[in-house]
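Hi everyone, thanks for coming. I'd like to walk you through a structure that is probably new to most of you, so please have a look at it with me.

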Amino acid sequence: MSVETRALALARAYHRAWTSERFADAGECLSEELQVEVPVNSYATKAAFLDGVRRTRAMTSKVEILADFGNDGEALLLYDLTLPFGQIRIAEYFAV
């Protein structure tokens, strides 16, 4: 794991919150101006995104962080997510 910076601290806090099913805390880490780019869904609002996070967490049996990096303005979390259909690797980029 890398040295914690401002953006990385926020990304880690968000990740800990949603994986612990503390969705209100996860939402506190996200901007109202949240912009999400994912290959399978689109989210027009922060609330819509958090609903997707809740549904994903409900299906998740394991989360394993592989790496994280960050500086004051950007962070990246790389982790494996185990879902009913198998394991997928997630690279989550945060711009703060």
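Let me begin with a small puzzle: in which helix do Arg 55 and Asp 51 both lie, and how many residues apart are they? The helix is H3, residues 46–59, and the two sit four residues apart, about one turn of the helix. Their side chains form a salt bridge, with the closest N and O atoms 2.4 Å apart. Arg 55 is partly exposed, with a relative accessible area of 47%, and Asp 51 is partly exposed as well, at 35%. Before going further, please keep in mind that this is a predicted model.

Now let's step back to the whole chain. It has three helices and three strands, and from the N terminus on, the order is α-α-α-β-β-β. The radius of gyration is 13 Å, close to the 12 Å that the globule rule gives for 96 residues, so the chain is as compact as a globular protein of that length. If you draw a box around the C-alpha atoms along the principal axes, you get roughly 35 × 30 × 25 Å. Of the 96 residues, 34% count as buried. The accessible surface comes to about 6100 Å², and carbon and sulfur atoms account for 53% of that. As for contacts with a separation of 6 or more, 40% of them are between residues 24 or more positions apart.

On to the sheet. In what order do the three strands sit? The order is S1-S2-S3, in an open sheet with antiparallel pairing. The edges are strand S1, residues 62–70, and S3, each of which pairs on one side only. From one strand to the next, the twist averages 15 degrees.

Let me zoom in on S2 and S3. These two strands form a hairpin with two residues between them, and 10 bridges join the antiparallel pair. If you'd like to follow the pairing on your screen, find Leu 76 and look across to Tyr 93 in S3, which stands opposite. Then find Leu 78, whose bridge partner in S3 is Ala 91. It helps to remember a general point while you look: in a regular strand the side chains alternate between the two faces of the sheet.

What about the loop of that hairpin? Pro 84 lies there, between strand S2 (74–83) and strand S3 (86–95). Is Pro 84 buried or exposed? Pro 84 counts as exposed, because its relative accessibility is 67% and the cut-off for exposed is over 50%. For a sense of distance, take Ala 9: Pro 84 and Ala 9 are 75 residues apart in sequence, and their C-alpha atoms are 30 Å apart in space.

Next, how do helix and sheet meet? Helix H1, residues 6–19, lies across S1, S2 and S3, and runs at about 20 degrees to S2. There is also a salt bridge between this helix and the sheet: Arg 12 is in helix H1 and Asp 68 is in strand S1, so to speak a link between distant parts of the chain, 56 residues apart. The closest N and O atoms of Arg 12 and Asp 68 are 2.8 Å apart. Why do both partners count as buried? Buried means under 20% relative accessible area, and Arg 12 comes in at 16%, while Asp 68 has just 2%.

The structure holds six salt bridges, and I'd like to show you one more of them. The side chains of Arg 22 and Asp 25 meet at 2.8 Å, N to O. Here Arg 22 is partly exposed, with a relative accessible area of 36%, and Asp 25 is partly exposed too, at 37%.

One last stop, right beside Arg 22 in the sequence. Glu 21 is found in the loop between H1 and helix H2 (23–28). What is special about the backbone of Glu 21, a residue other than glycine? Its phi is near 65 degrees, a positive value. Most residues other than glycine have a negative phi.

That's the tour. If you take one picture away, let it be helix H1 lying across the three strands, with Arg 12 and Asp 68 joined in a salt bridge. Thanks for listening, and I'm happy to take questions.

Technical notes
Residues numbered from 1 in each chain as written. Predicted model: local features only at pLDDT ≥ 70, side-chain atom pairs only at ≥ 80, totals over all residues. Heavy atoms only, no water. Buried < 20%, exposed > 50% of the residue type's maximum accessible area, 1.4 Å probe, protein only. Pairing = 2+ DSSP bridges. Axes fitted to C-alpha atoms, helices over the stretch in contact; angles between N-to-C directions. Contact = heavy atoms within 4.5 Å. Rg over C-alpha atoms; globule rule 2.2 N^0.38 Å. Areas by Shrake-Rupley, 256 points an atom, 1.4 Å probe, with all protein chains shown as cover. Salt bridge = Lys/Arg side-chain N within 4 Å of Asp/Glu carboxyl O.
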